[in-house]
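Biologist: I am new to this structure and would be grateful for a close look at a single part of it. Please choose one helix and describe its surroundings.

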Amino acid sequence: MPLYEHVMIARQDLSNTQAEALIEHFGAVLADNGGTLVDHEYWGVKTMAYKINKNRKGHYAFLRTDAPASAVQEMERLMRLHDDVMRVLTIKVDAHEEGPSAQMQKRDDRDRGDRDREPRRRAS
């Protein structure tokens, strides 16, 4: 079966458990249509670059699926109809990457440059 990756943004006024329940709900939709939810990550509440439906922030979730196209189409249709889901992005991939996504990986200290080494200045 084809492999897909999905990023979903849910409304900011949901609780973390409600956002996790959305992930489980759409995983069940895939399972009912012959697909599987291989892995999922909840990225938390993040600030968006622009407002969507008068919201500045949203709950981000990342899903890795192994499902036929018809199951993915049904899941996307239900996501578009769901009031709590603001945006969905689906990409077909050749293979799922092992381990956590780039969003979940801890930044290496070398990436930060000299910011941590500079003394903090106090306002007089």
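Modeller: The account below concerns helix α2 and what surrounds it. This is a predicted model, in which local features need pLDDT of at least 70 and side-chain atom pairs count only at pLDDT 80 or more, while totals for chains, interfaces and linings use all residues. Residues are numbered from 1 along each chain as its sequence is written, and side-chain values use heavy atoms, with hydrogens and water left out.

Helix α2 covers residues 69–81; helices here are DSSP runs of H or I with at least four residues, and strands are runs of E with at least two, numbered from the N terminus. At 1.5 Å a residue, its 13 residues should span 18 Å, which agrees with the 18 Å between its end C-alpha atoms; the expected span is 1.5 Å times one less than the number of residues.

Ala-71, Val-72, Met-75 and Met-79 of α2 are buried, that is, under 20% relative accessible area with a 1.4 Å probe and protein chains only, where exposed means over 50% and partly exposed lies in between. These buried residues lie on the same side of α2, because they cover an arc of only 100° around the axis, taken from the directions from the helix axis to the C-beta atoms. The face turned away from that side carries the exposed residues Ser-70, Gln-73, Arg-80 and Leu-81.

The cover over the buried residues includes β1 (3–11), α1, β3 (55–66) and β4 (85–93), contact meaning heavy atoms within 4.5 Å. In strand β4 lies Val-88, which touches Val-7 and Met-79, residues up to four places away in sequence not being counted.

Note on methods: Axes are lines fitted to C-alpha atoms, for helices over the stretch in contact, and angles run from 0 to 180 degrees between N-to-C directions.
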